[in-house]
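These are my notes from a first look through a structure that was new to me. I begin with the whole chain and then go through the places I looked up one by one.

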Amino acid sequence: MSMVWAEEDEELEKPAMGRIGLGAKKSLNASSFIGGIDLSNFKGSIGSSKGGIGSQSAPSTSTSTLEPMEDLPSAFGKRSFVRDAKPSKPAVPLSAGEMAHFNKISGSFGARMLSKMGWQAGTGLGAAGEGIVTPVESKMRPQKMGIAFRGFKERTEQSKREARRRGEVVSDDEDAKTKNFRKKVKEQEQKRSDMWRQPKKVKTKIEHKTYEQILAEAGQEVPAAGIGQIIDATGAVPREVSSFADVSLSSWSPSNDPTRIPEVRHNIRLIADACKSDLDGLAREARALHQRKKFVAEEDARLRKKVADEAERKCSRPLKFMQSHKFTPSVIERLQKVQLVANDINAKARELASMYEVSLEPFSPLFYGLVDQFSCEFERYRLDEIVVAAIAPIVRRMVANWSPLEDPMAFVSTFRTWRRALRINTEEPPLDLQVDIYGCKTAQVPQTSVERPMTPFESLLWNVWLPKVRTCINNDWSPEIPVPAIKLYEAWCTFLPAFIRDNVLYQLILPKVQKAVDNWNPKRDQVSLQSIIFPWLPHVGLRMEDVLGDARRKIKSLLRSWMVGEKVPAELPAWKEVFDAGDWDSMLLKYVVPKLGATLRDDFRINPRDQKMEPLQHVLQWADIIRPSIFSQVLETEFFQKWLDILHVWLIQPRVSFDEVAQWYSFWKGTFPESVQVMPGIGRGFTRGLQLMNKAIELGPDAPAQLARPDFRAELAAASTPVRNGTNASAKGPQRPSVLAHEITFRSIAEEFAAAHNLLFVPTGRAHEISRMPLYRVSPTADGRGGLVVYIQDDAVWAPAIDGESYRAISLEEMVLRANSA
């Protein structure tokens, strides 16, 4: 049975929800097929949208139909199963804007899908083309307007065009009210915005007019260029003259006619207004000068009266007082002489200021005379201001070309000779802080120091000398070469004020020294650590611990990294006096002595045929640095036991040559320096060897069998154990620990762990408020910033809790983690 399918390219329709009943379109399912024929495609079937029960019949516009097939029942009629390819309505002509819009969206997905369904631009939607032709557009209401407010119509232009295509009558005047309303709203908004704007300032422009411009504005004819007609307007009645000579012959009389020569009057008026402001300014300045002159006159009268009163008061004192203080009866005369000397100093300063090469020596006679002849007035009236004011410009010029590190003694000799004139180091001696109460000395609380202003010379040093020194030290001086800065400081420290001296030392020099110590590396730097620090130790005073703290840690790090076979650090003997004896021995026991003992124990072999002396030489180079008792015990424990064993093996040989043994003995004794041979432990070891040799000579042929092997370590232990009541105390109690057995504390373990992670374990100088245990700062740097503050108690590290101020015990790994992250 054959069948015909309509529109094979179309996709099957999806089921429409909620459309149930007659006339609804149904989806393709099994019930739509009858005998293998899809009934949903028949236009005349029951329930279809065209024809059938409940459907509206539409006239068919199709001209091409198919003949009914013979195999189909007659109930299907003669209709064609294929829909016409062309729509029932022709395409509507579009405007230019609509055509441009369709051309713009022609490549979109929706346009391609519609074109596949047979739709074309200008035709309506739907099977019969009765739908809209152009897309739906939106229309914005005015701001803050509701639906149908004041008759607003929301109908768009697109809906109007569609209505016109359907044949409806549409008026374009229906939105006139809305347009007027929009216009009013826009005008009100513009008016409100203009209220907040500042009015534009309009500058009055002065314009000068010429005679021709005035005539042109009046509507009169402007005369041609040239001299033209000459009018003599100097008289009462204007008259025409032939030349300028006639004008000078006529007599002039003033006139008050405002209409005459208006251009001249206009320009003169403008000039007069401009000059009026200048005259007002001059008048104000004259009044100010008059007031100042009056004030100066009053001040002069007041000072003269004060001087006269003081002279009268001084003259009324007894003659003895006047002679003791070298006062003349007239103070005015002495002040006048002081004024003359001050004028001479001022003249000399001006003379030197005009010279190319300047010097301070020409001032010396004037300053000596001022100080010697007028010593009372110099102290009473602080005449050192005159001295400093005279030399300040010269000193400023000389300091600008001065190199402090190359010429540290500049100005020093001159300023020392002017010590009285500059009032250098005239501070009062410190008060005695001990009070004798009932025959005993009691400390008295010092009074609070009263701040005093700087003297003129101190101000000169602070503002001229110190900036030059600061620039030179910061930029040109290296702490590795301390000599230039040492010479500069020692040359000036004797008469520098305390606050300037401390500023130079503690804020300029020591910070650079501490930074150089922090960056010092023995393998990279060519200078020693002592050459950086030791020159400053006599000057640092109470700040010595701050300087030596980092240096001690560097020395500990140097010893910690030292390996046997390397040379002894050259600067190490000099640091022996810097450390306390206990700290020095403890540091060597911890970092050096175990390495020396291991070298003698593992690397050193005694072989008379082929003796290697290098390990022993590495140990002997520490003889002058390690304490003699410790060094001798190292040799007794690790060297003499091996040496006596080899000597015993040699002596028990059947044919031993005692001459060779004696030479071998002398060789080993001469190997040790004299400073080592005098140590008690070294002499005891060689004495034990002599005893063994003598015993072998006594035994003679029986020596191989009867000469006992010496146990030097046991003998040392027995000798160090005291004997009480004939009984060896070693049988009752443990032996005394060796000096090599260094006590290991938990603090040393924490320091070693921090050092292994490149952290410093620095004391802060403070104690915990509750436990009273000393606090330490664990940080990567030694500047006292950052890091973690801890204290050690009960073999644990205590640090502040993260969520509070209380301390809690933490592990060493957490200590390192928090110190690096702080």
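What share of the 822 residues of the protein counts as buried? I looked this up before anything else, keeping in mind that the model is a predicted one, and found that 30% of the residues count as buried. I then counted the secondary structure and noted 32 helices and 13 strands in the protein. The exposed surface comes to about 55,600 Å², and carbon and sulfur atoms supply 55% of that area. Looking at contacts with a separation of 6 or more, I noted that residues 24 or more positions apart account for 59% of them.

**Entry: the cores**

I next asked which residues touch the most other members in the largest nonpolar core. This core has 127 residues, and the ones I wrote down are Phe 415, Trp 492, Trp 622, Leu 635 and Trp 643. I followed Trp 643 further and, leaving out residues up to four places away in sequence, found that it touches Ile 606, Trp 664, Tyr 665, Trp 668, Gly 685, Phe 686 and Gly 689. Apart from the largest core lies another one, of 17 residues, and among them are Phe 761, Met 815, Val 816 and Ala 819. As a general remark to myself, nonpolar side chains tend to be buried together in soluble globular proteins.

**Entry: helix pairs**

Because Trp 643 had come up in the core, I turned to its helix. Helix H25 (residues 640–651) packs with helix H26 (residues 658–671) at an angle of about 170 degrees, their axes being 11 Å apart. That angle is over 145 degrees, which makes H25 roughly antiparallel to H26. From H25 the contact takes in Trp 643, Ile 646, Leu 647, Trp 650 and Leu 651, while H26 brings Phe 658, Glu 660, Val 661, Trp 664, Tyr 665 and Trp 668. Sorted by class, the residues of this contact are 10 nonpolar, no polar and 1 charged.

How do helix H15 (residues 456–476) and helix H17 (residues 498–519) cross? I found that their axes come within 11 Å and cross at roughly 10 degrees, and H15 and H17 are therefore roughly parallel to each other. On the H15 side I listed Glu 458, Leu 461, Trp 462, Trp 465, Leu 466, Arg 470, Ile 473 and Asn 474, which meet Phe 499, Ile 500, Asn 503, Val 504, Leu 508, Ile 509 and Lys 512 in H17. The residues of the contact of H15 with H17 divide into 10 nonpolar, 2 polar and 3 charged.

I also looked at helix H21 (residues 581–591) and helix H22 (residues 593–603), which pack at an angle of about 40 degrees with their axes 4 Å apart, and this makes H21 oblique to H22. The contact is formed by Leu 588, Leu 589, Lys 590 and Tyr 591 from H21, together with Val 593, Pro 594 and Lys 595 from H22. In the contact of H21 with H22 I noted 5 nonpolar, no polar and 2 charged residues.

**Entry: H32 and the strands around it**

Which residues of helix H32 (residues 812–821) are buried? I wrote down Leu 812, Met 815, Val 816, Arg 818 and Ala 819, and of these Met 815, Val 816 and Ala 819 are among the members of the core of 17 residues. The buried residues of H32 pack against H31, E9, E10, strand E11 (788–792), strand E12 (797–800) and strand E13 (807–810).

In strand E9 I stopped at Arg 766, which counts as partly exposed at 45% relative accessibility. Its C-alpha atom is separated by 8.3 Å from that of Tyr 776, a residue 10 places apart from it along the chain. Not counting residues up to four places away in sequence, Arg 766 touches Met 773, Pro 774, Leu 775 and Arg 777.

**Entry: two residues with positive phi**

I then went to the loops on either side of E9. Asn 758 lies in the loop between helix H31 (746–756) and strand E9 (760–767), and its phi is near 60 degrees, a positive value in a residue other than glycine. Arg 772 lies in the loop between E9 and strand E10 (774–779), and it too is not a glycine, with a positive phi of about 60 degrees. Buried or exposed? Asn 758 counts as exposed at 66% relative accessibility, and Arg 772 counts as exposed at 56%.

**Entry: Glu 162**

My last stop was Glu 162, which is found in helix H3 (residues 157–165). At 4% relative accessibility Glu 162 counts as buried. Setting aside its neighbours within four places in sequence, I found Glu 162 in contact with Gly 131, Ile 132, Val 133 and Thr 134.

Methods. Residues are numbered from 1 along each chain as its sequence is written. This is a predicted model: local features need pLDDT of at least 70, side-chain atom pairs count only at pLDDT 80 or more; totals for chains, interfaces and linings use all residues. Side-chain values use heavy atoms; hydrogens and water are left out. Axes are lines fitted to C-alpha atoms, for helices over the stretch in contact, and angles run from 0 to 180 degrees between N-to-C directions. Angles under 35 degrees count as roughly parallel, over 145 as roughly antiparallel, 65 to 115 as roughly perpendicular and the rest as oblique. Contact means heavy atoms within 4.5 Å. Ala, Val, Leu, Ile, Met, Phe, Trp, Tyr, Cys and Pro count as nonpolar, Asp, Glu, Lys and Arg as charged, and the others, Gly among them, as polar. A nonpolar core is a set of buried Ala, Val, Leu, Ile, Met, Phe, Trp, Tyr and Cys residues joined through side-chain atoms within 4.5 Å. Buried means under 20% relative accessible area, exposed over 50%, partly exposed in between (1.4 Å probe, protein chains only). Accessible areas come from the Shrake-Rupley method with a 1.4 Å probe; for residues, only the protein chains shown count as cover.
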